[in-house]
Amino acid sequence: LRVDGECVRDRVRRLLCLPFQEGATWSSVVSVTSTERYEIAGASESVETPAGRFDRCVRVRAHNRATATTDHVLEITYAPKVGPVRIETYVVVSGRVTPQVKALLQSYRVGAR
């Protein structure tokens with residue numbers, strides 16, 4: 001991951017962008033036929049995980065349209081000075097939501113090598 005202007009990105013996508021305000025949006029072109037649409041779905045949220053409670057979290061929702069009636073959705077919740085603490089994926093087919101994966105942070109060490 002790297003910081004590029006006002007965004008944190010991986011090799012292809014802008015994963016998290018300022019401002020961290022609910023409703024803020026951006027997009028990333030991941031291939032010739034695929035554009036992911038991102039939004040800040042929640043700001044200043046609290047999240048409980050096996051690693052502890054995290055406050056002032058930002059939840060990012062990414063949509064990737066697979067077909068005219070199918071969206072793949074990824075939600076990543078970021079905690080300040082920690083990073084991703086919760087990751088959830090689901091698929092939406094004709095308005096029906098089906099959960100896929102839910103991952104919670106189990107443990108972490110800040111500044112560890």
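R86 is buried in this predicted model. Its relative accessible area is 18%, and buried means under 20%. The side chain of R86 meets that of E88 in a salt bridge, at 3.6 Å from N to O. E88 falls on the other side of the cut-off. Its relative accessibility is 22%, so E88 counts as partly exposed. Salt bridges that share partners also build a network elsewhere: E39, E45, R59, R61 and E75 are joined into one.

The structure holds twelve salt bridges. R61 takes part in two that deserve a closer look. One partner of R61 is E39, with the closest N and O atoms 3.4 Å apart. This pair links distant parts of the chain. R61 belongs to strand β6, residues 52-67, and E39 to strand β5, with their positions 22 residues apart in sequence. E39 is partly exposed, because its relative accessibility is 23%.

The other partner is E75. Here the N to O distance is 2.6 Å. R61 lies in β6 and E75 in strand β7, residues 70-79, so the salt bridge ties together parts that are 14 residues apart in sequence. Both R61 and E75 are buried.

What sheet do these strands belong to? β5, β6 and β7 are among the six strands of an open sheet, ordered β4-β5-β6-β7-β8-β9 with antiparallel pairing. The edges are held by β4, residues 25-31, and β9, residues 96-104. Each has a single partner strand, so one side of each is left without a neighbour in the sheet. Neighbouring strands here are turned by 25 degrees against each other on average, direction ignored. Strands of a sheet pair through backbone hydrogen bonds, in either the parallel or the antiparallel sense.

Start at the β4 edge. β4 pairs with strand β5, residues 34-49, over six bridges in the antiparallel sense. S31 stands opposite S34 of β5.

Now follow β5 to E36, which is found in this strand. Is E36 buried or exposed? Its relative accessibility is 10%, so E36 counts as buried. The side chain of E36 makes a polar contact of 2.8 Å with that of R13. Another polar contact, of 2.5 Å, joins the side chains of E36 and Y38. Which residues does E36 touch, leaving out those up to four places away in sequence? They are R13, W26, S27, S28, V30, H63 and N64. W26, S27, S28 and V30 fall within the residue range of β4, 25-31. H63 and N64 fall within that of β6, 52-67.

Further along β5 comes a backbone feature. S44 is found in this strand. Its phi is near 60 degrees, a positive value in a residue other than glycine. S44 counts as exposed, because its relative accessibility is 59%, and exposed means over 50%.

S94 also has a positive phi, of about 50 degrees, although it is not a glycine. Where does S94 sit? It is placed in the loop between β8, residues 83-93, and β9. S94 is exposed, with a relative accessible area of 59%. The loop of S94 leads to β9, one of the edge strands of the six-stranded sheet.

A second open sheet has three strands. Their order is β1-β2-β3, and the pairing is antiparallel. Its edge strands are β1, residues 2-4, and β3, residues 14-17, each pairing on one side only. The twist averages 35 degrees from one strand to the next. Three bridges join β1 to strand β2, residues 7-9, and the two run antiparallel. R2 has R9 of β2 as its bridge partner.

The last stop is the loop between β3 and β4, where P19 is found. β3 is an edge strand of the three-stranded sheet, and β4 is an edge strand of the six-stranded one. What is the form of the peptide bond from L18 to P19? This bond is cis, with omega near 0 degrees.

Definitions and conventions: Residues are numbered from 1 along each chain as its sequence is written. This is a predicted model: local features need pLDDT of at least 70, side-chain atom pairs count only at pLDDT 80 or more; totals for chains, interfaces and linings use all residues. Side-chain values use heavy atoms; hydrogens and water are left out. Two strands pair if DSSP finds at least two bridges between them. Helices (H or I, at least four residues) and strands (E, at least two) are DSSP runs, numbered from the N terminus. Axes are lines fitted to C-alpha atoms, for helices over the stretch in contact, and angles run from 0 to 180 degrees between N-to-C directions. A salt bridge is a side-chain nitrogen of Lys or Arg within 4 Å of a carboxyl oxygen of Asp or Glu. Buried means under 20% relative accessible area, exposed over 50%, partly exposed in between (1.4 Å probe, protein chains only). A polar contact is a pair of N or O atoms within 3.5 Å; within protein, one must be able to donate a hydrogen and the other to accept it, and residues adjacent in sequence count only if both atoms are side-chain atoms. Contact means heavy atoms within 4.5 Å.
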